[in-house]
Amino acid sequence: MGKKSIHRSLQAAYPNWFYLPGVLTFVVFFIIPTVSAFYFSLTRWTLFEATFIGFENYVAFLSDPMLSIGLKNSLIYAFLTSATKTILALPLAVLLTSEILRFKGFYRSVVFFPVLVSTIAVGITFSILMQPNKGVINVALRALHLPHFDWLGDPRLALYSVIFVDVWKGIGIATVIYMAGILAIPQDYFDATKLDGGFWIRFRHVIIPLVRNSTFTIILLSFMGGLRTFDIVWAMTGGGPGFASDILTSVIYKQYQAGFYGLSTAGNVILFVLVTVLVLPLRTFFSSREIEL
Amino acid sequence: MKPKKCSLATLAVNILVFVVLTIIFIVPFIYILLMASKSSKEAALLAFSLPAKNLFIRNLMDVIAYGNFRMFRALINSTVLTVASVALIVVFGSLFAFVAQRKNDRVASLAMGLLLIGLMIPPAVVPTVFWLQKLKIYKTMFGMVMIDVALFMSFATMIFRTSMAGIPRDLDEASFIDGATPLRIFFSVILPLLRPAIVTVVVTSSVNIFNDFVGPLYFLPGAKNITAPLTLYSFISQFSTQWNLLFANVVVISIIPLIIFIFFQNQLVSGMMGGAIKG
Amino acid sequence: MAKKVLVLLVIVLLPLAIFAAGQAEVKKAGPITLTYLVASGSDQIQARAAADGFMARNPDIRIELELRPGGGDGDNIVKTRLATKEMTDFFYYNAGSLLQALNPNETLVDLANEPFMDVIDDAFKTTVAQGNSVFGTPNQTAMGGGILYNKRVYERLGLSIPKTWAEFAANNEKIKRAGITPVIATYGDTWTSQLFVLADYYNVQAQIPDFADRYTANQIKYASTPAALKGFEYLKEGYDKGWYQSGFATAKYDQGLEMLAKGEGAHYPMLSMALANIDANWPETVEDIGFFAQPGEDASKNGATIWMLSANYIPKTTTGEKLEAVKRFLAYTVSPEGISDMNKAVPPAGPYLIKGAKLPDDVLPAVQDIARYIDAGNSAPALEFVSPVKGPRLEQFCVAVGTGQMSPLEAAANYDRDVTNQSKQLGLPGW
């Protein structure tokens, strides 16, 4: 009797109503809109009245090449930003934790600072740096007799120019996560390889396998972030020229502004599904391969 | 430890890193400052050059005074939004994480699972506008605060939960047996020990909420509701060619994140690494 | 337990307090302040002149301009703000199909019975009406949509005004050889891309007189009508032949005007409201700018496409003393005093549609050019003023064609689909 009652009364130290403020806010302001999105995406909707039209919005979204281009571009965007960040951040993190480099604290701040600046500000700054005629980037390339481009005006390039700026702004997070991973590797592993190998052996056989958890985190975070991006595209190209750099979120915004609320919401649901279908398996796959140090 | 070598190779690596990182990461910021110091004619040339005459202060003043000191309104709105949201995120999130981590039963995993959805799925835009209208809090600061609490709470709760695991259960059990109420335990035992996690949550969410562009764009329209990042956006659509003032605007809205950065750099970095912690 | 209640209270009250703080607005005494939403650029210059003139005569009312972007982005802002009841006290916006897309019977105040409506030309009223209701009053003048050109470039190269597209193309080749940009394009402001298509409407209706009615009734399409497709083909021709300046895909409206004013570019397909901008920023050059109608296939059927005046509208959310104050402003803008005040500040860009108002004698050369088309009977209103149907993404399709990403036929077909979506959303009959 005694033990059980102590246990029961200890449970009373953690009352369930502590969940209440958080759950209530979350349900009202996130879950309800999300669930109702599934219904509204099946309607022609003016915000005042919704007429049920079945899957017409989805058909319109997926059959109109100018809407579905957003789907394709979002996938390219998420894939390339997460891949590039992962690939570039590891050597950068190795460098910023290495013994031979001076002023590491300074460099860490320098790489990290863009993370904190408003994305809109970064987007505008780069759209001016990337101006075709007078922009600093092309002026510099011309001075060096290198090929130069209309970074944001050329429809074939615009999306990739935005991806470059996204990587520039976000690589600080990936680098910091990798640095944490590298610093967590026990010194023994390095000592073991010190005798029979140079830097490359250590990089290939110690660092890469042992920062695997960091790699998974970075890929997941930046992939999800890439699918959800909006502001940098909006600030730099507005999805243009034409539709060349439209991504799902910019299409959703344009349909919203044009007053096609049902169509916009259908795009939103497509985005939910896309995130769930891609990220959940990735997550499960990664957590099955995590390592303990 | 081996003695520090100062070989030629080391020096070369150091110089190379300096040059590359400076060009890539510092030059754009220098450019912002240069442009913000020019006259509008000079800035129109878009060149990376020193201004003929330094008009930095005057441009800043012009930007701040523009449109009946709209910038003040924006900074005040952004600050109110940030402070209120972050306060609620900390209170709601830590209460949640406290119970969820300690009980660790079916209800807890269900509740955490619910919050996890928020980490993954982006918000449903138009339905959110619709429900805000139904609740009569569309385009109000209150509505925007609650949206931000809902959107940023998941991440904060994860961090609190991980941090809770490091606080020995004996502490709260002991004070419970001593007769303390759950709230008393929470506020006088748990919260002080959660301090590092709180700092992390406060710093990371305030930067994210202060810089948030999409939320206010959708849910807080209207001139009197303008927030810091939106000043810039309305600026480009109105003065496409006054680059000097545009960049001065960039400088003004970057000051607060810069201050946060200077004072809380370490917490920020550890907060970003918190993303590495699995829920 | 008491503490628990207290904390619960705080948790509940904190949001409420924030809520209340947001709601509490200090009521100010003194003059009535009205907010006025206008597009930045030319509209802004016009609206500023009207507001300043009015305030000088009515010290008890203050008007604050709120600016929005132009083009599709701006259209959408107006739509969204009306739909969400977040509109300013009054606003300045296009007549015609863009007005129809605002669902004016639901959202705007009917002005049909106001005394100041009597002086307004009926031709204008039809463009701001739905059923028996009339919703807007004109701000200044109608505009021509066509080609603004630099006369000095024409003189120097000995060119003459083209009457057909072939002549226009030949002029462009000569201009290009002289090292000047033949056609200015500014796709950084996407709305400017539509002129080749929209200003071609005179030519479309010259070939198919009932185009507008059949278009409204969903019986004729851009993609399947060669005459209507021409506008898209012109955009493509400009791209293929390299008529546009370097960097045109991201260039802005203001940059385009500067090029035209300084003679760095010879032609700018544009609305004549741009003259107000040129007059404000490069006043010494505004006399060098002329206007000609967008040439078509047939020299004998050459004429100008006319944009009706944009108008001032009042949303239904404006009531009480503010509504009265706005009405006073509207009455002022169509009164002789108002028109003469505004003419002093901004040169008129086309003919008036107000009974008794006459263009001053020293009107700009480009405006005289437009007036000549109208006086000779060679003008027609743009499609958007004779049909309520217009799709929101035309400008993006135009940019896609003008940057070589899409064929004219593909763009026209996509635009037809866009129009269908819009008509369904508006619930128009026959779609």
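**Questions on a predicted model**

Guide: A compact globule of 293 residues would have a radius of gyration near 19 Å, whereas chain A has 24 Å. The model is a predicted one, in which local features need pLDDT of at least 70 and side-chain atom pairs count only at pLDDT 80 or more, while totals for chains, interfaces and linings use all residues. Residues are numbered from 1 along each chain as its sequence is written, and chains are lettered from A and ligands numbered from 1 in the order in which they are written.

Visitor: What makes 19 Å the reference value for chain A?

Guide: The globule rule is 2.2 Å times the number of residues to the power 0.38, with the radius taken over C-alpha atoms, and for 293 residues this comes near 19 Å, a value that the 24 Å of chain A does not match. Along its principal axes, the C-alpha trace of chain A spans about 85 × 75 × 30 Å.

Visitor: Why is helix 11 of chain A called mostly covered?

Guide: A residue is buried if 20 or more other C-beta atoms, placed from the backbone, lie within 10 Å of its own (exposed if 12 or fewer, partly exposed in between), and twelve of the 17 residues of helix 11 of chain A are buried, so the description applies. Among them are F216(A), I218(A), L221(A) and M224(A). These buried residues pack against helices 4, 8 and 14 of chain A together with helix 4 of chain B, contact being counted where C-beta atoms, placed from the backbone, lie within 7 Å.

Visitor: How do you know what span to expect for helix 11 of chain A?

Guide: The expected span is 1.5 Å times one less than the number of residues; for the 17 residues of helix 11 (212-228) this gives 24 Å, and the helix reaches 24 Å from its first C-alpha to its last. Helices (H or I, at least four residues) and strands (E, at least two) are DSSP runs numbered from the N terminus.

Visitor: Why do strand 1 and strand 2 of chain C count as paired?

Guide: Pairing needs at least two DSSP bridges, and eight bridges join strand 1 (32-39) to strand 2 (61-68) of chain C, which run parallel, so the criterion is met. Strand 1 of chain C also pairs with strand 3 (90-93) in the parallel sense, over two bridges. Y36(C) has L65(C) as its bridge partner in strand 2 and F90(C) in strand 3.

How values were computed: Contact = placed C-beta atoms within 7 Å.
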